[in-house]
Amino acid sequence: MATMAMDTVRIKSLTVLSLLSVIPQITLAGEWQFSPDIFVDEIYSDNVELTKTNKVDSLVSQIGLALNTNYKAQYLSFDFNSSSTYAMYTHDHEIDKDFHTLDSQFSYMLWPNGITFTASAGISNQSRNSARNGLADIVSGNTVQIENYSSGLAYNVVNSDFTINSSVQYQITESEDNIGEREGYVASIESNNGKSARNIFWNISGSYQDQENNARESTFYQAEVKFGWVSGVGFNPFLRYYDENNEGASLGQRSLESNSVGLGIRWLATPRLYLDISYNKPIGDELNIDGEVQDNYLDYSLSWQPTQRTKLVASYSQRFYGDSYQLALSHENKRLTNTISYNEAVQTFTRNNFEAVLQGTYLCPTGEINNLDECYLSNDQNIDPTDIRILPIYDFELVEDYGLSLNKSLNWSSTLSLSRTTFSISLNGNERENLETNLIDTTKSANFNASRELGPRSTLKLTLSYTDQEFESNLTIDRSNRYLQASLDYNRELNKQLNATFSISTVNRESEQLYLNYDENRISFKVTKGF
């Protein structure tokens, strides 16, 4: 670990030195924007410890500094947004703490239409354990600081003959509790023929990841190549080659592969619509995830762009786990914007792996249990055997994710922008299956926002949200958490550099473990002073 820590320091130092060496040469031309802010946010919570009974209220005072700057030039782009907040809690000053956030992007084109150096840094505060509290924040506590750093090169070319979008980066992720840390290389490439293609066409896409966590290594590789002949009659034959290899980090985890070759036909219905269909035969004797021989299969892909503001891309194929789907739909007009996407990805070294742990077995009264204190007997209390039940208590602990997981995500967002009012709605769903244990976790959420400009300097915003989490949903020992949230924010611009926001919010949580249920209400007043 000492060697890994030293290598991490060297990489971060190298990134900083690289930035410092190129910035003096390119800051002679361009435009700087710098806007520091100081803010004070007073938040009152009537249940800061998020308990069902014995609620504790608290006034949480947050004092902070925000720095926002960006620089734009012909070959250089730099954005830096950070904040530092110190939070003080009236109910317990021993937990007073400072919090930091950072979102920084840097890119420098080494020469026109060629290689670009990129770097990024990010710091965020996330829920320490979303199975216990998926809405953890500075007020309620139980957050963990996550740091992400990356640097690398990108090569992008767009002309009438071909397009290439490619990148290679070295990425580092560090966490305050040391869970989900990783470092390694990530590369991707995508290339297509240009509009001037007359005899041949091609589509090439590929990605590669090689990452390490606690001396465990994981490698992902995926590539698809289509190479065809332009017949000139609207039906164009092509060859398709697909290769995928996923090697997990846990001991004994076998490699999961998909490797096939096929023949297909592209139907070019219009210049903006084409459908690819190919018949593919697996190469080699690799078995699928169920230990069965992989069968021949059909692969479909559709691309349609009827207008400049509307685009649909969809595909169906077979991978080592069975049927595989992808979807991306976007549409935009003067007032309405819609996007729908569905993706499937194999992941590891995440903060999404939970383990059910038996905390104990309690003798509790029959009926609803609001607090485990009800299961403890006083010295002078008599026991009624007819009014006692055995209650096992499980907790879900966040553990290192060394295996492979299949993540399926569906997202839909829509925004309607009127002259003074904006409505937005988003629906999200995610299913995560641990490919080693076959345990499934699901998350569903819905969000609605309505914002109204009451005047030139005032805005009223309503937010409603619903979140449903299920951990190990395919077992009887599962846990479901449901959150209902509502908030109303009134923002007033007092002058060009002084801003005030008044907010009220409420949240209700229902859990399989009744003693984890809670209600919380908040009132906050925030003042921000710019310079």
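These notebook entries record what I looked up in one predicted model of a protein chain.

**Entry 1: the chain as a whole**

I began with the secondary structure and noted one helix and 26 strands in the chain. I then turned to burial: of the 531 residues, 37% are buried. For the surface, I recorded an exposed area of about 29100 Å², with carbon and sulfur atoms supplying 56% of it. I also looked up how contacts are spread along the sequence. Among contacts between residues at least 6 apart in sequence, 55% join residues at least 24 apart.

**Entry 2: confidence**

I checked the confidence before going into detail. The mean pLDDT of the chain is 88, and 90% of its residues reach 70 or more. I then looked for stretches with low values. Over residues 1–11 the pLDDT stays under 50, and the model gives this stretch eleven contacts beyond four places in sequence. Residues 13–28 are also below 50 in pLDDT, with 15 contacts beyond near neighbours in sequence. I read the placing of both stretches with caution.

**Entry 3: strands around β20**

I asked which strands pair with β20. On one side of the record is β17, residues 336–347, which runs antiparallel to β20, residues 405–417, and is joined to it by twelve bridges. Within this pairing I located N343, which stands opposite S409 of β20. The other partner I noted is β21, residues 421–434, also antiparallel to β20 and joined to it by 13 bridges. Here T415 has S424 of β21 as its bridge partner. I followed the chain from β20 into β21 and found a hairpin whose connection is three residues.

**Entry 4: aromatic pairs**

I searched the whole structure for aromatic pairs and obtained 15. One of them is formed by W32 and F78: the centres are 6.3 Å apart, the angle between the planes is 75°, and the arrangement is edge-to-face. Which parts of the chain does this pair tie together? W32 belongs to β1, residues 31–45, and F78 to β3, residues 76–89, so the pair links parts that are 46 residues apart in sequence. I looked up the exposure of each partner. W32 is partly exposed, at a relative accessible area of 47%, whereas F78 is buried, at 16%.

I then examined F106 and F117. Their ring centres are 6.1 Å apart and their planes meet at 65°, so this pair is edge-to-face. F106 lies in β4, residues 97–109, and F117 in β5, residues 115–127; the pair therefore ties together parts that are eleven residues apart in sequence. Are these two residues buried or exposed? F106 is buried, with a relative accessible area of 4%, and F117 counts as buried at 17%.

Finally, I asked how these rings are grouped. W32, F78, F106 and F117 belong to one aromatic cluster, which also includes Y71 and F80.

**Entry 5: charges over rings**

I looked for charged ends placed over aromatic rings and recorded two cases. The charged end of R216 sits over the ring of Y402, at 4.1 Å from the ring centre. That of R266 sits over the ring of Y274, at 4.1 Å from its centre.

**Entry 6: P365**

I looked up where P365 lies and found it in strand β18, residues 354–365. P365 is partly exposed, with a relative accessible area of 26%. I also checked its distance to L391, which is 26 residues away along the chain: the two C-alpha atoms are separated by 9.3 Å.

**Entry 7: two asparagines with positive phi**

I checked the backbone for positive phi at residues other than glycine. N54 is one such residue, with a phi of about 50°. Its place is in the loop between β1 and β2, the latter spanning 58–72. N54 is exposed, with a relative accessible area of 61%.

N142 also has a positive phi without being a glycine, at about 60°. Where does N142 lie? I found it in the loop between β5 and β6, the latter spanning 143–158. At 55% relative accessibility, N142 counts as exposed, because the cut-off for that class is over 50%.

Notes: Residues are numbered from 1 along each chain as its sequence is written. This is a predicted model: local features need pLDDT of at least 70, side-chain atom pairs count only at pLDDT 80 or more; totals for chains, interfaces and linings use all residues. Side-chain values use heavy atoms; hydrogens and water are left out. Helices (H or I, at least four residues) and strands (E, at least two) are DSSP runs, numbered from the N terminus. Buried means under 20% relative accessible area, exposed over 50%, partly exposed in between (1.4 Å probe, protein chains only). Contact means heavy atoms within 4.5 Å. Accessible areas come from the Shrake-Rupley method with a 1.4 Å probe; for residues, only the protein chains shown count as cover. Two strands pair if DSSP finds at least two bridges between them. Rings of Phe, Tyr and Trp (its six-membered ring) pair if their centres lie within 6.5 Å; planes under 30 degrees apart count as stacked, over 60 as edge-to-face and the rest as tilted. A charge sits over a ring if NZ of Lys or CZ of Arg is within 6 Å of the ring centre and within 35 degrees of the ring normal. pLDDT is the predictor's confidence in each residue, from 0 to 100.
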